[in-house]
Amino acid sequence: MRHVAVIGSGPAGYYTAEACQKAFGEGVRVDIIDRLPVPYGLIRTGVAPDHQSIKAVSKRYEATALSDNVRFVGNVTVGQDVSIPELLDLYDAVVLATGAPHDRPLGIPGDDLPGVIGSAAFVGWYNGHPDFARLDPPLGGPGAVIVGAGNVALDVARILAKTGEEFAGSDIVGHALAALEPHGIRDITILARRGPHEIAMTPKELGELGHLSRATPLVDPADLPPADADAALDPGLRKSVGHLRAFAGNAPAAPVSIHFDFFAMPVAIEGDGKVERVIVERTRLDDSGRATGTGETYAIPAGLVVSCIGYRTPPIEGVPYDAKLGRFANDEGRIAPGLYAVGWARRGPTGTIGTNRPDGFLIAERIGADTAADSAKKGRAGLDDLFSARGVDVVTFRDWQGIEQAEIANARDGAPREKFTSLDAMLAARK
Ligand code: NAP
């Protein structure tokens, strides 16, 4: 028997459990530990609520979770209820699948003004993450600025632009739907510090902006490179740039405009006690393709700034950490004897949900090579002893199924669920 503890129940965690099952069959026991009483991490609180087809992958994780050799151990905070050294003592392998839930800081003057919000917080707010349920973002408008040219920027722009009817069938939480409903925002500006050929936006997500009922995406044709330059791009990016070329043909139309502002880098955020404007510097690309300031600046009025410039994995005391890359220091997943990282905690916040699957298999392979099949470790029995001695209130997968049933029962018409947004409400909903 091999005993494996996975910390984090998002895609990387469940794919690791699935890979361990495939690699070791009945010869493995996997405990998936999560700080929250609910599983699935980014699938539940990161993937946009109007992208239900992406969220459907949780059914696959459920199949893994319901097998006898995998357990969900929810409502357990590593570092508080149990330490990494204790887990290393109990398990042959401890896999950090903690994702990258912290925002990369903008690092410009004024980025701490009220109304400047990182995407982890903003996305967590509309997705019902208990840490951000009380965020109360300023949505009065008329201007909102989104920093970054990735898919999260697109998610945020789309959520700000949609009408209530366009959220039909989504699981956006009630507090976000109600706060977005007055529709005060008229101008959404997406600031991209480089050009259309350097975006990190994928075609499907970009194309969605072209089909919003009350919002029009706008691109300044002068920002677009000559059309024949698109031929050298990889097919996905070429398709994305095709959408931008189509948006360049749009005329401003009421009530909401989504402005793509390319070669535009925020250098300061100003306002009297709250954000009122973003100071932007025009950029050009240097020889290595990086954005460099031209000295030309202008101001964009905004009551809300959402910074969507990527994420960082929070460090854990005693675990080697690469501060520059914002993730655990690791050699292809190995951190130290018995300690591994997987997913965004291993490689940083890139790729799709599916990218984590090969990552899980890589770690299972490493575990197979590094550990013996006849472990003398105590595994889950040892963890249970420790938690009963400490009075830790563990949430099981069956408990989660009770919470899920209550969320489904609470759903508004046409919605798949109404999520609980506080730990107390989640814990109270256990059957
Ligand atoms: P991302 O794809 O890495 O994009 C970050 C953007 O922020 C880039 O355009 C980057 O520009 C810009 N940026 C970074 N630092 C900046 C700064 N200091 N000032 C101004 N701009 C800055 O990150 P993301 O959008 O957070 O997405 C994370 C991952 O999740 C990605 O792999 C993404 O595809 C994935 N995701 C997928 C979906 C989906 O498939 N539907 C939805 C959401 C997220 P430079 O390129 O110049 O550095």
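How far is an oxygen atom of the ligand from an N or O atom in the side chain of R193? In this predicted model, the gap comes out at 2.7 Å. That's a good place to start looking around the ligand.

R193 isn't alone there. N151 also brings its side chain in, with an N or O atom 3.0 Å from an oxygen atom of the ligand. V152 does it through the backbone instead: one of its polar backbone atoms sits 3.1 Å from a ligand oxygen. Overall, the ligand on its own would expose 920 Å², and the protein buries 80% of that.

Now step back to the whole shell. There are 20 residues around the ligand, and the ones that come nearest are A149, N151, R193, R194 and G351. Sorted by class, the shell has nine nonpolar, six polar and five charged residues. If you want one element to look at, pick helix α7, residues 151-161, which gives the most to this shell, with three residues. And where does the ligand lie relative to the domains? Domain 1 (2-101 + 313-395) and domain 2 (103-307) both supply shell residues, so the ligand lies between them.

Next, the aromatics. Searching the whole structure turns up twelve aromatic pairs. Take Y40 and W400: their ring centres are 6.1 Å apart and their planes stand at 90°, so this pair counts as edge-to-face. Y40 sits in the loop between β2 (28-33) and α2 (42-45), while W400 belongs to helix α14 (residues 397-409), so the pair ties together parts that are 360 residues apart in sequence. Both of these residues are buried.

For another geometry, turn to F260 and F262. Here the ring centres are 6.1 Å apart, but the planes are at 15°, so the pair is stacked; the cut-off for that label is planes under 30 degrees apart. F260 and F262 are buried too. Back at Y40 and W400, there's a bit more to see: ring pairs link them with Y14, Y15 and Y61 into a cluster.

Finally, go and find A251. Is A251 buried or exposed? With a relative accessible area of 53%, A251 is exposed, since the cut-off for that word is over 50%. A251 lies in the loop between α10 (235-247) and β10 (256-261). From there, try drawing a line to I367: the two residues are 116 apart along the chain, and their C-alpha atoms are separated by 56 Å.

Notes. Residues numbered from 1 in each chain as written. Predicted model: local features only at pLDDT ≥ 70, side-chain atom pairs only at ≥ 80, totals over all residues. Heavy atoms only, no water. Near = heavy atom within 4 Å. Polar contact = N/O pair within 3.5 Å; in protein donor to acceptor, adjacent residues only side chain to side chain. Areas by Shrake-Rupley, 256 points an atom, 1.4 Å probe, with all protein chains shown as cover. Helix = DSSP H or I, 4+ residues; strand = E, 2+ residues; numbered from the N terminus. Nonpolar A, V, L, I, M, F, W, Y, C, P; charged D, E, K, R; others polar. Domains from an automatic or database assignment. Phe/Tyr/Trp six-rings, centres within 6.5 Å; stacked < 30°, edge-to-face > 60°. Buried < 20%, exposed > 50% of the residue type's maximum accessible area, 1.4 Å probe, protein only.
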